[in-house]
Amino acid sequence: MPIEITMPKLSDTMEAGTILHWHVNVGDDVVAGDVLADIETDKATMELQSFDDGTVDQIIVGVGDQVRVGTTIALLKEDDDSSVENDVMVLDVNEPKDTQDTQIDLPVPEPTSTPIQSPTTQEEPSIGGLRVSPVARRLAEEHGVDLQAIQGSGPAGRIIKRDILQIVGATIETTAAAQTTVHGSEANVISRTSTVPPMQPLAPVSPWQENRTEPISNMRQIIARRLVESKQTIPHFQVTMSFDLDPLLEMRTTLNEQLESSGVRLSVNDFLVRCCALAMTKHPEFNASFGGDCILYHGPVNIGIAIALPEERGGGLVVGSIRNADQKSLRTISQETAYLSNKARESGLSVEEMADTTFTISNLGMFGVEHFTAIINPPNSAILAVGAAMEKPVVRQGELAVGREMSVTLSLDHRVIDGAMAALYLKTLKELIENPAALLV
Amino acid sequence: MTVATNNRVIEYREALREAMSEEMRQDERVFLLGEEVAQYNGAYKVSKGMLDEFGSRRVIDTPISESGFSGMAVGAAMRGLRPIVEFMSWSFSLVAADPILNNAAKMLYMSGGQFGCPIVFRGNDGAGGQLASTHSWCVESMYANVPGLKMVIPYDAYDAKGLLKEAIRDDNPVFFLESERLLSTTCHVPEEEYTIPFGQALIRRQGTHCTIISFGRPLHFCLEAAEELAKEGIDCEVVDGRTIRPLDIDTMAASVKKTSTCVVVDQSWSFASVGSEIASQLHAICFEDLDNHVHRVHSDDVPPPYAYNLEQAYLPNTRKICEAVRSATYNT
């Protein structure tokens, strides 16, 4: 059987590709990994590598020709093939057999002596056609391992647990703790029983035994699932801006002095919550969610505050919700934030206290972090990563001076918000932060 | 409860005797009957000295008529006594199938709850060693198929005593399967009172690569195989089910979820067996955790041979278990 080399789908949006250059000629021997051609996609020029060993039998699509994804562009003869059957060559170059969802960017397992999969001509590599043990399938799913890319070591190429463990860097061990029924005292009896060999320390038999694993908490599971979903489905991009924080810090000092008697102590974060909320009323697309075929503009402006939980409560983080933050005073925002973070750390937040956020702020400034990027908290369209106020040399009225600056980075859902919109939002935020008196009225 | 104050080691047969004697001292409804249990002190000396202590009213020699004395025990149990019936071999219980399966196991149901049958049927099960086809029965798979009875297979003296005391106290018919090959094995058995609840499997060896599940005598070969396999780097967990009905599938499944592979070793024939039942349940419970289908080791599907070498080859032995574990763990 000849191996068909098809136009690969090299990006999510690629529908067709152009051959810029063939690196091989008919008759050349190639091995898996050899570059066959340069292909221009809608985004970039990329190399097409061979997944198989063989001899180039035919080059079907010439340099400069554009063909749709899935179209056969060359034929590779396996080394033991005597010839390529004629009927295979009767291919309509302009009409790919099936361009729908053709995925060939997956490495295809090499044919083995006991083939377990139809050859590479298969249009849609089907998971169902692979032999995979149930636990291997489950582990692959949990660790995002592409089963198509694995050559199983079990009988007839079955992918088994150790194949996955080898790939995921041996980080998993058996998480299901042994529910042993060696009940305390009875275990003692066993160890003294003459007919039973004593329990022996187990010799290290496999590399993964030596690593430590701990089962993950429910919260960690949720964080893992949600953030993978966010990072994989939301096209993130980031925009950073620095703010002159001196005016805000000065005003904060004044306010805190005057409010000391009433027990109020405003943090920089409280100002940020109010600034972000006010800016959102001006830029409603920041208070929106991507809805598949529509964009949902939320009425209330609910700002989420990322709260890290202490180690003794199992770590992790939750997002507390400051509802209608655009309508709340600094004092109310400060009190609610304090309430939410204390409650989160001590007894945990209720679903109500975490629900319905439309925008999230993650602040690592208190740890001295200068700049970072955050992952969007779905269904939000944006998250603001806030760094510390840093003393920096600044130029003011032509003079070099020491000023305090803070850098913030917005992560955005490009399906909802474009770069220029993000820039405008940050500009509004900058005006609010650098002219903080407006926040009081 | 069993923190020992001494290291007393006794034989399996002595543990059985202690269990019966202690229960007979505490409860005068309990009595022992069977072939040669009294004057001859038991065909395998399990009841040695019991006639002297309890007298011929409570330690009763019967004729060679399993159907008759089993039926008598059913009647006695229905009238409020708690008989212990000793079969010299479970092979001989086949002629008593009607009283033990049709009467004892169903009486509570058929009488609408009026009469239970708190009887312990006990005796040697499995190959005793060159006893040939008709006297080497493993009855567990055949009898475990019947609802209404409990079934126990103790592996060592400690379990034999604790499980037999529990069996005598149980209000249901309990099929208690001993092994002639285990009667002389010894282990620590405390003098203090203890019982072992039914339905609690015991992990006799901990391991991470493969779970070996068995009951009774084959556990010896399982543990031997585990040692053998450890030298090859295959780390086996050996689970002693202890009781077949009730079956502690939870402990077995927890172990399989840890190891992802399993070999069930069952000395009965493979077809419609305890082993096939456990495999089936594990496939259902652990499906997502299995790296291979549950493998099984049984006696070969032929009548037990008489010749020593053939009998050894016929039984689930260390070699067969090792091969099954290697296959289950893809180490062939």
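## A starting point: A:D270

Leaving aside neighbours within four places in sequence, which residues is A:D270 in contact with? The list is short enough to look up one by one: A:L330, A:I333, A:S334 and A:T337. Before you go hunting for them, keep in mind that this is a predicted model.

A:D270 itself sits in helix α7 of chain A, a helix that covers residues 268–282. Is A:D270 buried or exposed? It counts as buried because it has 26 C-beta neighbours inside 10 Å, and the cut-off for that label is 20 or more. You can also check A:D270 against A:A338: these two are 68 residues apart along the chain, and their C-alpha atoms are separated by 9.8 Å.

## Chain A in outline

Chain A runs to 441 residues, and 30% of them count as buried. Its secondary structure is made up of 10 helices and 16 strands. Take the contacts in chain A between residues at least 6 apart in sequence: 63% of these join residues at least 24 apart.

## A sheet in chain A

One spot to look at in chain A is an open sheet of 4 strands, in the order β5-β4-β2-β7, with antiparallel pairing. On the edges you'll find β5 (45–49) and β7 (66–68) of chain A, each of which pairs on one side only. From one strand to the next, the twist averages 40 degrees.

Now zoom in on β2 (residues 16–22) and β4 (residues 35–40) of chain A. These strands run antiparallel and are joined by 4 bridges. To line them up by eye, start from A:I19, which stands opposite A:I39 in β4(A).

## Chain B in outline

Over in chain B there are 332 residues, 58% of which count as buried. This chain has 12 helices and 14 strands. Among its contacts between residues at least 6 apart in sequence, 78% join residues at least 24 apart.

How sure is the predictor? For chain B the mean pLDDT is 96, with 98% of its residues reaching 70 or more. For the complex, the predictor gives an ipTM of 0.78 and a pTM of 0.53.

## The nonpolar cores

The largest nonpolar core holds 118 residues. Those with the most contacts inside this core are B:I212, B:C222, B:V263, B:I321 and B:V325. Pick B:I212 and look around: not counting residues up to four places away in sequence, B:I212 touches B:C222, B:A226, B:C236, B:E237, B:V238, B:V239, B:V263, B:V265, B:I321 and B:V325. Apart from this core lies another one, of 49 residues, and its members include A:V273, A:I305, A:V319 and A:L384.

## A covered helix in chain B

Helix α9 of chain B, residues 249–259, is mostly covered, with 10 of its 11 residues buried. Among the buried ones are B:I249, B:M252, B:A253 and B:V256. B:K257 and B:K258 are buried in α9(B) too.

What covers the buried residues of α9(B)? The cover includes four strands of chain B, namely β9 (202–205), β10 (210–214), β11 (236–240) and β13 (262–269), along with helix α10 (274–285) of that chain. Just after α9(B) comes B:S260, which takes a positive phi of about 70 degrees.

Methods. Residues numbered from 1 in each chain as written. Chains lettered and ligands numbered in written order. Predicted model: local features only at pLDDT ≥ 70, side-chain atom pairs only at ≥ 80, totals over all residues. Core = buried A, V, L, I, M, F, W, Y, C linked by C-beta atoms within 7 Å. Buried ≥ 20, exposed ≤ 12 C-beta atoms within 10 Å, placed from the backbone. Contact = placed C-beta atoms within 7 Å. Helix = DSSP H or I, 4+ residues; strand = E, 2+ residues; numbered from the N terminus. pLDDT = per-residue confidence, 0-100. Pairing = 2+ DSSP bridges. Axes fitted to C-alpha atoms, helices over the stretch in contact; angles between N-to-C directions.
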